[in-house]
Amino acid sequence: MKLVIQKVKESSVTINQEVVGEIGEGLMVLVGFTNGDNQQIIDKMINKLIHLRIFIDENEKMNLSLLDVKGSILSISQFTLYADCKKGRRPSFIDAARPETASPLYDYFNEALVAQGIKVEKGVFGADMKVSLINDGPITIVLDSQELF
């Protein structure tokens with residue numbers, strides 16, 4: 001599982017000129033799954049995600065978590081996080097989980113965040129989405145479950 005996390009002032013996702021999800025302060029998270037990912041991995045990644053101390057405290061230090069600032073998450077499914085560009089010019093996506101596997105994992109990811117008390121907005125799995133954001137910092141962090149656990 002990979003997450004690309006961007007701390008945002010605001011972010012939204014649009015499909016067919018209709019905004020389907022938007023947040024204020026929080027995190028816009030691109031979410032990708034690979035073969036072998038499961039609910040246990042997702043739970044560990046969520047724990048890491050919601051406790052990352054990347055929000056500014058009263059001393060202007062990155063010392064607060066998403067939970068501390070009561071921020072929201074805009075969750076966007078993104079199979080291209082598993083692009084393999086080693087050979088040729090066309091990326092291979094063989095390491096990305098197939099849609100029939102990834103879609104239920106994405107649903108679980110979002111539901112598990114809500115269960116932690118996080119306000120979650122999301123895109124639509126497999127849709128052509130336009131994502132807009134104002135990156136705050138800018139702060140962008142990549143979490144890869146294969147590197148963390």
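These are short exercises with worked solutions on a predicted model.

## Exercise 1: The largest pocket

Find which residues lie nearest the centre of the largest pocket, and which elements line it.

**Solution**

Step 1. Start with the space. The largest pocket holds about 300 Å³.

Step 2. Go to the lining. It is made of 19 residues. Ser77, Gln78, Phe79, Gly126 and Met129 lie nearest the centre.

Step 3. Assign the lining to elements. Strand E3 (26-32), strand E6 (72-77) and helix H3 (99-115) each give two or more residues. E3 gives the most, with 4 residues.

Step 4. Sort the lining by residue class. The split is 13 nonpolar, 5 polar and 1 charged.

## Exercise 2: Serine 145

Decide whether serine 145 is buried or exposed, then list what it touches.

**Solution**

Step 1. Place the residue. Serine 145 is in helix H4, which covers residues 145-148.

Step 2. Check accessibility. Its relative accessible area is 6%. The cut-off for buried is under 20%. Serine 145 is therefore buried.

Step 3. Look for a polar partner. A polar atom of the serine 145 side chain lies 2.8 Å from the backbone nitrogen of methionine 1.

Step 4. Complete the surroundings. Setting aside residues up to four places away in sequence, serine 145 touches Met1, Asp37, Ile41 and Met45. Met1 thus appears among the contacts, and its backbone nitrogen is the atom from Step 3.

## Exercise 3: Salt bridges

State how many salt bridges the model has, and work through the pairs below.

**Solution**

Step 1. Take the count. There are 5 salt bridges.

Step 2. Examine arginine 98 and glutamate 100. Their side chains form a salt bridge, at 3.5 Å from N to O. Both residues are exposed.

Step 3. Examine lysine 119 and glutamate 121. The closest N and O atoms of this salt bridge are 3.8 Å apart. Lysine 119 has 43% relative accessibility, so it counts as partly exposed. Glutamate 121 has a relative accessible area of 23%, so it is partly exposed too.

Step 4. Examine aspartate 128 and lysine 130. Here the closest N and O atoms are 3.2 Å apart. Aspartate 128 counts as exposed because its relative accessibility is 58%.

Step 5. Look for a network. Salt bridges link Lys7, Lys9 and Asp136.

## Exercise 4: Backbone exceptions

Identify which peptide bond is cis in the stretch from glycine 137 to proline 138, and which residues next to each other in the E1–E2 loop have a positive phi.

**Solution**

Step 1. Recall the usual case. Most residues other than glycine have a negative phi, and most peptide bonds are trans.

Step 2. Find the cis bond. The peptide bond from glycine 137 to proline 138 is cis, with omega near -5 degrees. Proline 138 lies in strand E8, residues 130-144.

Step 3. Turn to the loop between strand E1 (2-15) and strand E2 (18-23). Asparagine 16 sits there. Its phi is positive, about 50 degrees, although it is not a glycine.

Step 4. Take glutamine 17, which is also in the loop between E1 and E2. Its phi is positive, about 60 degrees, and it is not a glycine either.

Step 5. Check exposure of the two loop residues. Asparagine 16 is exposed because its relative accessibility is 68%. Glutamine 17 is exposed because its relative accessible area is 78%.

## Exercise 5: Apart in sequence

Work out how far apart aspartate 43 and phenylalanine 109 are in space, then do the same for leucine 133 and serine 75.

**Solution**

Step 1. Locate aspartate 43. It is found in helix H1, residues 39-51. At a relative accessible area of 36%, it is partly exposed.

Step 2. Compare sequence with space. Aspartate 43 and phenylalanine 109 are 66 residues apart in sequence, and their C-alpha atoms are 7.8 Å apart.

Step 3. List the contacts. Beyond its neighbours within four places in sequence, aspartate 43 is in contact with Tyr108 and Ala112.

Step 4. Locate leucine 133. It is in strand E8. Its 29% relative accessibility makes it partly exposed.

Step 5. Compare again. Leucine 133 and serine 75 are 58 residues apart along the chain, with 12 Å between their C-alpha atoms.

Step 6. List the contacts. Again leaving out neighbours within four places in sequence, leucine 133 is in contact with Gln6, Val8, Glu10, Ser11 and Met28.

Notes:
Residues numbered from 1 in each chain as written. Predicted model: local features only at pLDDT ≥ 70, side-chain atom pairs only at ≥ 80, totals over all residues. Heavy atoms only, no water. 1 Å grid on protein atoms, 1.4 Å probe; cavity = no way out; pocket = protein on both sides within 12 Å on 5 of 7 lines; lining within 4 Å. Points joined across faces, edges and corners; volume = space filled by probe spheres on them. Nonpolar A, V, L, I, M, F, W, Y, C, P; charged D, E, K, R; others polar. Buried < 20%, exposed > 50% of the residue type's maximum accessible area, 1.4 Å probe, protein only. Polar contact = N/O pair within 3.5 Å; in protein donor to acceptor, adjacent residues only side chain to side chain. Contact = heavy atoms within 4.5 Å. Salt bridge = Lys/Arg side-chain N within 4 Å of Asp/Glu carboxyl O.
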